[in-house]
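Reader: Please take a close look at the disulfides in this structure, and then set them beside the aromatic pairs and the surface. I would like the account to stay with residues and where they sit.

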Amino acid sequence: MQAFFHLLPLLATFVPTSAAPSKALEARDPQCGMYDSVYSGSYSLNTNEWGEATGTGSQCSQINGLDGNSLAWQTTWSWEDNVNNVKAYTNVASSSTSCQQISSISSIPTSWSWSYSGSDIRANVCYDTFVGSSCDGAQNYEVMVWLGLYGSDLYPLSNNGYPPTPTASPYIGETQFNLIIGTNQEGTNVYTFVAIDDATDYSGDLIAFYNYLEANEDFPGNYYIQSITAGSEVFTGSDAMLSTYGFSISQS
């Protein structure tokens, strides 16, 4: 997992939505290792502290329950030092999504109810996806959807300077996003949709973002979505907690 941010100098209870009772799985023990995974239903919760050497701190994550297809989970952390570096990307993936050609996907419905707490948080809440010309080939594009952004001088990669000027500000479903386009050090084109207002109770269809890019940015619909994860890229902060009350995703 790579960081796709530009940083300017720094100055300074799970509530089920269904009325009918359903069989819920119990919480799992916290995972605090650098690369740990724990599984529940179709989901895996993955710690990914790939940048921990650039900071001082710790992070733990756990599954709080699974009710039908809705996963409750959390990650708690405190990190300091080197505010320009991502320390971790704890994320959720689902076996219900798999590599498939964009043009053959009809829907990727997803929902995510979440909140963030803590002090001096510098992080995002995002879907992170990679696209290539084949399932096992190079990652030619990255498409990110940021539902939340914490840190006033924290931005996605931009090809037109910082603060970036959005290429467009479309509504994708019922949520309005700023589209920022950048290129990373490997030459991968990165398309980032940043919610204008934090989307803490999000429901949408991820395929709509690819359809928008195909219609407006000459994006190749014959390419493949290689992977989809959802999580938080964290830089610095103290006593932080990302609480997910319900997360679901599927693909057809």
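Author: In this predicted model, a disulfide joins C32 to C60, with an S to S distance of 1.9 Å. The torsion about that S-S bond is about 115 degrees, so the disulfide of C32 and C60 is right-handed. C32 sits in the loop between strand 2 and strand 3, while C60 belongs to strand 5 (residues 56-67), so the bond ties together parts that are 28 residues apart in sequence. Neither end is buried: C32 is partly exposed at a relative accessible area of 43%, and C60 is partly exposed at 25%. The cut-off matters for C60, because buried means under 20% relative accessible area.

A search of the whole structure finds 2 disulfides. The other one joins C99 to C135, with an S to S distance of 2.1 Å. Its torsion about the S-S bond is -100 degrees, and the link of C99 and C135 is left-handed. C99 lies in the loop between strand 7 (88-94) and strand 8 (100-101), and C135 in the loop between strand 9 and strand 10 (141-150), so this disulfide ties together parts that are 36 residues apart in sequence. C99 has 26% relative accessibility and counts as partly exposed; C135, at 41%, also counts as partly exposed. Counting the bonded cysteines along the chain, the disulfides follow the pattern 1-2, 3-4. Another cysteine, C126, has 0% relative accessibility and counts as buried.

The loop that holds C32, between strand 2 and strand 3, also holds Y35; the two strands there are 24-25 and 37-40. Y35 takes part in a nonpolar patch on the surface together with M34 and W50. The accessible area of M34, Y35 and W50 together is about 300 Å².

The aromatic pairs come next. A search of the whole structure finds 17 of them. One of these is formed by W112 and F247, an edge-to-face pair with 5.4 Å centre to centre and 80 degrees between the planes. W112 lies in strand 9 (residues 109-132) and F247 in strand 16 (residues 224-249), so the pair ties together parts that are 135 residues apart in sequence. Both W112 and F247 are buried. Another pair is formed by F193 and Y212: the arrangement is edge-to-face, with 6.1 Å centre to centre and 80 degrees between the planes. F193 is in strand 14 (residues 189-195) and Y212 in helix 1 (residues 207-216), so that this pair links distant parts of the chain, 19 residues apart. F193 has 0% relative accessibility and counts as buried. Y212 is buried as well, with a relative accessible area of 17%.

W112 and F247 also belong to a cluster linked by ring pairs, which includes Y43, Y127 and Y202.

To put the parts side by side: the disulfide cysteines C32, C60, C99 and C135 are partly exposed, whereas W112 and F247, F193 and Y212 are buried. Strand 9 (residues 109-132) carries W112 of the edge-to-face pair, and the loop between strand 9 and strand 10 carries C135 of the left-handed disulfide.

Key
Residues are numbered from 1 along each chain as its sequence is written. This is a predicted model: local features need pLDDT of at least 70, side-chain atom pairs count only at pLDDT 80 or more; totals for chains, interfaces and linings use all residues. Side-chain values use heavy atoms; hydrogens and water are left out. Rings of Phe, Tyr and Trp (its six-membered ring) pair if their centres lie within 6.5 Å; planes under 30 degrees apart count as stacked, over 60 as edge-to-face and the rest as tilted. Helices (H or I, at least four residues) and strands (E, at least two) are DSSP runs, numbered from the N terminus. Buried means under 20% relative accessible area, exposed over 50%, partly exposed in between (1.4 Å probe, protein chains only). Patches are made of residues with over 30% relative accessible area and no salt bridge: like charges are joined within 9 Å, nonpolar side chains (Val, Leu, Ile, Met, Phe, Trp, Tyr) within 5 Å. Accessible areas come from the Shrake-Rupley method with a 1.4 Å probe; for residues, only the protein chains shown count as cover. A salt bridge is a side-chain nitrogen of Lys or Arg within 4 Å of a carboxyl oxygen of Asp or Glu. A disulfide is a pair of cysteine sulfur atoms within 2.5 Å.
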